[in-house]
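Biologist: Please show the model, and let us then discuss its aromatic rings.

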Amino acid sequence: MNGAVRRVERRPIPVLERTGQLPLSFAQQRLWFLAQMGGEGEAYYLTFGVRLKGDLDRGALRRALDRILARHEALRTTFGLVDDQPVQRIADGEDLHFRLAEHDLRELDLGEQLEAEAELARLVAEEAGEPFDLEAGPLIRGRLIRLAGAEHALLITMHHIVSDGWSMGVLVTELSTLYGAFVRGEPDPLAELEIQYADYAVWQRKWIEGELLRKQGDYWKSTL
């Protein structure tokens, strides 16, 4: 950020009641606008995959993914229009389930290992290219692909409007922690989140407004 922002003392981020219309953050609004213009595409899809070796408790994995969805409002948020303005719509996390498609490559007559890897690569490309609907959602999804023996590939894809590269690391860490706890029959060990992304979006809108917003605009006009 530029000097004008660094000189401003940031106010604490308050937790807001989930009533009324929730605005988008500035980053979300930019991505939403690009989507309306048809210019967001696969460049804004974040996909990662992990190989899982050994016995897999699919029930514990699904439970862990459901818990992450319930834990993070951003991952169950969609975006609509109210009075021609984009707003966040946060779905109830209690009865929402993570969208996880399953594929079993053992059922196919793939022959050589190279053919199995080619089919896996095809599924990876298919997953990465499947479009998102910002209004209908979901904006996070996954595929569990069973390979030979006790080996799986887990693919998870998120739209950048609800996540970023740093968030993906958080998701992997939390998924590992939750899965391990659920396999052992233990409860969720993660502490509740103090704030959610919607709290940040409203705080950002109130913080960067008026005189500060004018100074930011003047700075970038003179710099660029």
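The questions below concern aromatic pairs and charges over rings.

Modeller: This is a predicted model, in which local features need pLDDT of at least 70, side-chain atom pairs count only at pLDDT 80 or more, and totals for chains, interfaces and linings use all residues. Residues are numbered from 1 along each chain as its sequence is written, and side-chain values use heavy atoms, with hydrogens and water left out.

Biologist: What geometry does the pair of Tyr45 and Phe132 have?

Modeller: Rings of Phe, Tyr and Trp (its six-membered ring) pair if their centres lie within 6.5 Å; planes under 30 degrees apart count as stacked, over 60 as edge-to-face and the rest as tilted. The centres of Tyr45 and Phe132 lie 4.9 Å apart with the planes at 85°, so the pair is edge-to-face.

Biologist: How many residues apart in sequence are the parts that Tyr45 and Phe132 tie together?

Modeller: Tyr45 belongs to strand β1 (residues 45-53; strands are DSSP runs of E, at least two residues, numbered from the N terminus). Phe132 is in the loop between α4 (113-129) and β5 (140-146), so the parts joined are 87 residues apart.

Biologist: Is Trp203 buried or exposed?

Modeller: Buried means under 20% relative accessible area, exposed over 50%, and partly exposed in between (1.4 Å probe, protein chains only). Trp203 has 7% relative accessibility, and therefore counts as buried.

Biologist: Which residue has its charged end over the ring of Phe132?

Modeller: A charge sits over a ring if NZ of Lys or CZ of Arg is within 6 Å of the ring centre and within 35 degrees of the ring normal. At 4.1 Å from the centre of the Phe132 ring sits the charged end of Arg141.

Key:
Helices (H or I, at least four residues) and strands (E, at least two) are DSSP runs, numbered from the N terminus.
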